[in-house]
Structure formats: structure tokens, C-alpha cells
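Student: I have a chain on my screen and would like a close look at one part of it. Could you walk me through that part slowly, and show me how it fits with what surrounds it?

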Amino acid sequence: MSLRLSTVILPYRRWHEGARSAWMRAEQLGFHTAYTYDHLTWRTFRDGPWFGAIPTLTAAASVTERLRLGTLVTSPNFRHPVTLAKELIALDDISGGRITLGIGAGGTGFDATALGQEAWSPRERADRLAEFVPLLDRLLTEDTVSHEGTFYSAEEARNIPGCVQRPRLPFAVAATGPRGMRLAARHGQAWVTTGDPKLYESGTPEQSVEALRGQLGKLADACTAIDRDVAGMDKILLTGFTPDRGRPLESLDAFVDFAGRHKELGFTEIVIHWPIPDSVFAADEKVFERIAMEAPAQLG
């Protein structure tokens, strides 16, 4: 299977001051998918401009034709399945069926408390995701849904005409723990990881590869448990959070080496961040574009 190359464009620029051209350029460069973060703000970008994911993707859909679009990732931290489903159906329609929903449990960043609540524990986040994903699945596939849950409810929520993509737009479920893996196996068309966060500061690339091998094994076990063939799932690596950090983007050869090692593990899609000067995602734009244009052919 060929390895797909995708990018993630952070929503930190005004649409007519660089953002629009980046999404158009992503299509020109041949990326498979261009994602964006679905956060209210993010880490070092908190005190600067930051725009909403759904409007950004809607605008991106209007200036592209072939490029798939998506979130990495949406979470229950500030989303509700009923309202999210309505927005996703509209976005899938506007894009002509080019949307992938990356979805995960969220973290303890600014999203976690922006609505005035206390940050949830890892168990609480997992509990919410376990209810969020199946309900969202129903909302995107059924015309009318009623549900009374522990965290989320729906009362005759109508979602006609549904998604352009059938039976619904694909889910890419971000998970590393056993409960998340089970959700990915049952509801995901793809699985997403950023690696093992414990290795980011002091781990080695070799340790990261072994950790990812272990995650892939757990995904396979979760699929086996429900008689699903894991080979039919896409496996997506969002780069920038392993001990390699930005080194794979230093040259074409460095990236091909990095991506090749992860393709051998079983990954089907590698996602690289669009360069942002003076940030953790700083990179040479010429090298980045060369990677986009030349790496897929070398990786097969």
C-alpha cells in the first residue's frame, strides 16, 4: 500500500492574509488531506490570532476541489454531538464529500476550562468520548435520533439529508489507551496517534518506533476482539510530537528515512505541519515543498 502524505494547517492567520493561499497551495502540492486543529486556542499561540476550525474548513472547501479536509482532532472538551453533527453534515455537503473527522478525548489545555468547567481527569475524558463517538455516529447516519445519556442527550434531533459520504463521513479516532482503541476499532475508518508523549523530552527515535509498534499491536488486538481486519483501517501518524521533533523536515532524505521507517511499521498516512516561522513548527518552506512534491514517489 502506498504511503499518503498529508499536512495540518494551523488556523492562526487571517483568511486573506495568508490562510487562503496556504490551503490552495496544499492542493497544488498534491497533499492527500489538509487538516486543522479543532481547538479554541493552543499552547504558545494562546495570545495571538486563532480561528475556528469549522468555518476555516468551510472556507478551505470553497477554494479547493480535490484536497480532502479534516480536523486533528475534535474533542468533547467544548463540542456537543448534536450541534457538531449538524455542522459536519453542512461541511461535508459544501466540500462535496471531502471531510474526515479526526476525533479524540482532548486534553487539559485551554479548551478544557474555557467553558467554565473544571478540567476533566483522563478517566472522565475517556468516559465522555465513549458516549460522544457512538452518539455522533448515529446522528450522522440516522434521520432522527433520540438519546438520553450520562453526558449527552438528543431529543428527536433531525439530520436530513445526512452526509454526502455514505453511510457517513469517516472518523479518524485518536487513541492510545485500551478504551480508545476499542472505540477506534468499532467506529473508526482510521486511527490516529502522535506517538508516546512520555518519550518526547528524553526518549530516542528508536524508542518511539518501538512504542508505536506496541500501539499498533493494541489496535490489532482491539480489531480482532470484534472480528474486524485491522488491515482495512488507515493508520495515521501526526508528526512533530515524537523525539524526532522537526528533524524529518530538515531535508528530503531525512523525511524519506523517517517516513519509510514508519511505513514499515504499518502506517498508511504521515501528517506534517505547515511551516510556521518562530514556532515549534518552524521549517524551511522550500524543503517542505520539495518533500510534498517528491517524497511520495520515493516512498511508493
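Tutor: Happy to: we will start from helix 2, then follow its surroundings outward to the sheet, the cores and the aromatic rings. Please keep in mind that this is a predicted model.

Helix 2 covers residues 53-62. Is it mostly covered or open? Helix 2 is mostly covered, with seven of its ten residues buried. Those buried residues are Ala53, Ile54, Thr56, Leu57, Ala59, Ala60 and Ala61. What lies over them includes helix 1 (19-28), strand 2, strand 3 and helix 3 (81-95).

Let us pick one residue and zoom in. Ile54 belongs to helix 2. Its relative accessible area is 9%, and because the cut-off for buried is under 20%, Ile54 counts as buried. Leaving aside residues up to four places away in sequence, Ile54 touches Arg79, Glu87, Leu88 and Leu91. For a sense of scale, Ile54 and Tyr152 are 98 residues apart along the chain, and 21 Å separates their C-alpha atoms.

Now step back to the sheet. Eight strands form a closed barrel in the order 1-2-3-4-7-8-9-10, and the pairing is parallel. From one strand to the next, the twist averages 25°. Helix 2 packs on this sheet, where it touches strand 2 (33-36) and strand 3 (68-74), and its direction makes about 170° with that of strand 3. Helix 8 packs on the sheet as well, touching strand 1 (4-8) and strand 10, with its direction at about 155° to that of strand 1.

You can trace part of the barrel strand by strand. Strand 4 (residues 99-103) runs parallel to strand 7 (residues 171-174), and three bridges join them. Within that pairing, Gly102 has Ala172 of strand 7 as its bridge partner. Strand 7 is in turn joined to strand 8 by three bridges, again running parallel, and here Ala174 is partnered with Val192 in strand 8. Strand 8 (residues 190-193) then pairs with strand 9 in the parallel sense, over four bridges. Across that step, Trp191 stands opposite Lys235 in strand 9.

What about the nonpolar interior? In soluble globular proteins, nonpolar side chains tend to be buried together. The largest nonpolar core in this model has 69 residues, and Phe31, Leu136 and Phe255 have the most contacts inside it. Helix 4 (residues 122-141) supplies the largest share of this core, seven residues. Leu136 gives a good close-up: not counting residues up to four places away in sequence, it touches Pro81, Leu84, Ala85, Leu88, Leu101, Ile103 and Phe171. Leu88 is a name you have met already, as one of the residues that Ile54 touches. There is also a second, separate core of 19 residues, and among its members are Leu10, Tyr37, Phe45 and Val271.

Tyr37 and Phe45 lead us to the aromatic rings. Ring pairs link Tyr12, Tyr37, Trp42, Phe45, Trp50, Phe241 and Phe281 into a cluster. Counting through the model, there are 13 aromatic pairs. One of them joins Phe241 and Phe281 edge-to-face, at 6.3 Å centre to centre and with 75° between the planes. This pair links distant parts of the chain, 40 residues apart: Phe241 is in the loop between strand 9 (234-238) and helix 7 (252-265), whereas Phe281 is in the loop between strand 10 (269-273) and helix 8 (285-299). Both partners are buried, Phe241 at 15% relative accessibility and Phe281 at 7%.

Two rings elsewhere have a charge over them. The charged end of Arg128 sits over the ring of Trp120, 4.0 Å from its centre. Likewise, Arg245 places its charged end over the ring of Tyr200, 4.2 Å from the centre of that ring.

For contrast with Ile54, finish at Ala220, which lies in helix 6 (residues 205-225). Its relative accessibility is 23%, so Ala220 counts as partly exposed. Ala220 and Val230 are ten residues apart in sequence, and their C-alpha atoms are 5.5 Å apart in space.

To return to where we began, helix 2 packs on the sheet against strand 2 and strand 3, and helix 1 and helix 3 are among the elements that cover its buried residues.

Technical notes:
Residues are numbered from 1 along each chain as its sequence is written. This is a predicted model: local features need pLDDT of at least 70, side-chain atom pairs count only at pLDDT 80 or more; totals for chains, interfaces and linings use all residues. Side-chain values use heavy atoms; hydrogens and water are left out. Rings of Phe, Tyr and Trp (its six-membered ring) pair if their centres lie within 6.5 Å; planes under 30 degrees apart count as stacked, over 60 as edge-to-face and the rest as tilted. Helices (H or I, at least four residues) and strands (E, at least two) are DSSP runs, numbered from the N terminus. Buried means under 20% relative accessible area, exposed over 50%, partly exposed in between (1.4 Å probe, protein chains only). A charge sits over a ring if NZ of Lys or CZ of Arg is within 6 Å of the ring centre and within 35 degrees of the ring normal. Two strands pair if DSSP finds at least two bridges between them. Axes are lines fitted to C-alpha atoms, for helices over the stretch in contact, and angles run from 0 to 180 degrees between N-to-C directions. Contact means heavy atoms within 4.5 Å. A nonpolar core is a set of buried Ala, Val, Leu, Ile, Met, Phe, Trp, Tyr and Cys residues joined through side-chain atoms within 4.5 Å.
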